[in-house]
2 protein chains.
Amino acid sequence: MDSYNEIQLAITIFEITGMSQKANKSERILDAAEALFAVHGYDGVTMRKIASEANVDVALANYHFGRKMDVFNAVFERRSDKLNNARLEALRRCQDLAGPSGPSVEKIIEAFLRPLEIAQENTDPGWKNYLALIAYVNNSPVWGEKMMSSLFDELVQEYIEALKKALPNAKDEDIYWCYQNLSGALTLTFAQTGRIDKLSKGKCRSDDFHTAYDNMIPFIAAGFNKVCG
Amino acid sequence: MDSYNEIQLAITIFEITGMSQKANKSERILDAAEALFAVHGYDGVTMRKIASEANVDVALANYHFGRKMDVFNAVFERRSDKLNNARLEALRRCQDLAGPSGPSVEKIIEAFLRPLEIAQENTDPGWKNYLALIAYVNNSPVWGEKMMSSLFDELVQEYIEALKKALPNAKDEDIYWCYQNLSGALTLTFAQTGRIDKLSKGKCRSDDFHTAYDNMIPFIAAGFNKVCG
DNA sequence: CACTATATTCAACATATGTTGAAAATGCAA
DNA sequence: TTGCATTTTCAACATATGTTGAATATAGTG
């Protein structure tokens, strides 16, 4: 449970694109928008703040992407393919290792989560911001269904199928409810609100992703096995 | 697990204050603000939208509460005492029933969650909106720590203590990490994004709170027992 | 009734916001 | 170099926003 070498390989999928002042202004706009939207949400960010953060004129974001909502969409879509590929590869890898009976619930959950930890620990802080943005979107009554479903449900359904095979006695609905619990726990970790830091009086840190996932994986797996076993 | 008569009594704590057009304009403003902030967040709501939804002049919210942020705080604080009392009472009741050894993890989680279900099923839709607002705040990197901690951490610490007694072998940090998983799952249920409806192709409904908690309680309890047992 | 405090509306302010069109700068091929 | 397409800046627009002060209405008290 502590080491996860198979998926560590997936780290190569998230290429390093660091350097805080990229030459490409179009990407700098997306980086700035990503960081700001992740913290303040769609309505809490102005085009001027984005431009200022990117050291760029106000009109440039409109020129490159169109309207403000198009900037938001561009940010949201920029990393989704890479993320989906990393997680799909992780699922395939753990299925290959498991043989015809298929992987255990815990292995499936681990494959679902570890690529996220790897992304958050990437030297490019954009990945951490991107996942915080996903937290905002996933939890939003306005964007939640539309935006998340269109980009991520295909991958999620693959995982659901794997879970159904590992839990042959489960009712479909139970799997989905359990998935919602997983998605919620994950979302709050993405958000990095710092509340657990205060609640635990410093014993836990919101940015200690490795420990977060070390606990989350057996926690969620136990929940699935209990409810769907 | 299906019936929960002890806590059903707590329903009397949430008095019924329905009627969509109250005489008191000050409360109508809070109701409108509550519903709007819950869906659109702080920055997605304007004083004019609040006033229009409450059928009231724009300047009235300023007169009664001060600045926009004060309206937000007033909404957030309005129901917190009632909610804390209901949940504290639920904890006390399940502790009284359990005797000196203390209640099981599952009973504690049930006491933590069922009052929320009761609130969401109250005829006053304000409670549902209020909990959706809590979802927004709890998941926000801007408000999460400050606002949640000041109003709810005292209650949460009581529950943590009860959980520590039920899980004597647990490390403190593990309890807090597990609590974060609980808090996240709960938050996403509050938010009512409708995503599970689409993902499950209608098999699950975001507003079916009873089923949500029926699954969440054993799910979360199993997670605690696994990680902290 | 008159008097007073509270509640509510009206009109307006200064500022912030998304967006646009023209001007200027830059990059690049011939 | 010239010429052309792309990128970036500048200036401005119409509108939206939080907030305020004065005016008006309402409620309660003697």
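Which residues come nearest to DNA strand D? I looked this up first, bearing in mind that the model is predicted.

**Entry: DNA strand D**

I found 16 residues around DNA strand D, and the ones that come nearest are Asp57(A), Ala59(A), Thr46(B), Ala59(B) and Arg67(B). I then listed the elements that give two or more residues to this surface: α2 (25–40) and α4 (58–65) from chain A, with α3 (47–54) and α4 (58–65) from chain B. I noted that α4(A) provides the largest share, 4 residues. I sorted the surface near DNA strand D by class and obtained 8 nonpolar, 3 polar and 5 charged residues.

**Entry: DNA strand C**

I repeated the search for DNA strand C, which 16 residues surround. The closest are Thr46(A), Ala59(A), Arg67(A), Asp57(B) and Ala59(B). At least two residues each are supplied here by α3 (47–54) and α4 of chain A and by α2 (25–40) and α4 of chain B. For this strand I recorded α4(B) as the source of the largest share, 4 residues. The class count for the surface near DNA strand C is 8 nonpolar, 3 polar and 5 charged.

**Entry: how the two chains are related**

I next superposed the protein chains. A turn of 180° with a shift of 0.0 Å along the axis lays chain A on chain B with an RMSD of 0.0 Å. I therefore describe the two copies as related as by a two-fold rotation axis.

**Entry: the contact between chains A and B**

How many residues does each chain bring to the contact? I read 54 residues from chain A and 53 residues from chain B. On the side of chain A that touches chain B, the elements supplying at least two residues each are α2, α8 (126–138), α9 (144–166), α10 (172–191), α11 (195–199) and α12 (209–228). Of these, α10(A) gives the most, with 16 residues. By class, I recorded 24 nonpolar, 20 polar and 10 charged residues on this side of chain A. I also checked the overlap: 98% of the interface residues of chain A are interface residues in chain B as well, so the copies meet through the same surface.

**Entry: helix α6 of chain B**

I then examined α6 (residues 80–98) of chain B, a helix of 19 residues. From its first C-alpha to its last, α6(B) reaches 27 Å, close to the 27 Å expected at 1.5 Å a residue. I listed its buried residues as Leu83(B), Ala86(B), Arg87(B), Ala90(B), Leu91(B) and Cys94(B). These lie on the same side of α6(B), because they cover an arc of only 130° around the axis. I recall that an α-helix has 3.6 residues a turn, so residues three or four places apart point the same way. On the face of α6(B) turned away from the buried side, I found the exposed residues Asp81(B), Arg92(B) and Asp96(B). Gly99(B) follows α6(B), and I read its phi as positive, near 85°.

**Entry: chain A as a whole**

Which secondary structure elements are there in chain A? I counted 12 helices and 0 strands. Of the 229 residues of chain A, 49% count as buried. Finally, I looked at contacts in chain A between residues at least 6 apart in sequence, and noted that 71% of them join residues at least 24 apart.

Notes. Residues are numbered from 1 along each chain as its sequence is written. Chains are lettered from A and ligands numbered from 1 in the order in which they are written. This is a predicted model: local features need pLDDT of at least 70, side-chain atom pairs count only at pLDDT 80 or more; totals for chains, interfaces and linings use all residues. A residue is near a molecule or strand if its C-beta atom, placed from the backbone, lies within 6 Å of it. Ala, Val, Leu, Ile, Met, Phe, Trp, Tyr, Cys and Pro count as nonpolar, Asp, Glu, Lys and Arg as charged, and the others, Gly among them, as polar. The expected span of a helix is 1.5 Å times one less than its number of residues. A residue is buried if 20 or more other C-beta atoms lie within 10 Å of its own, exposed if 12 or fewer, and partly exposed in between; C-beta atoms are placed from the backbone. The arc is that of the directions from the helix axis to the C-beta atoms. Two residues are in contact if their C-beta atoms, placed from the backbone, lie within 7 Å. Copies are superposed by least squares on the C-alpha atoms of residues with pLDDT of at least 70 in both.
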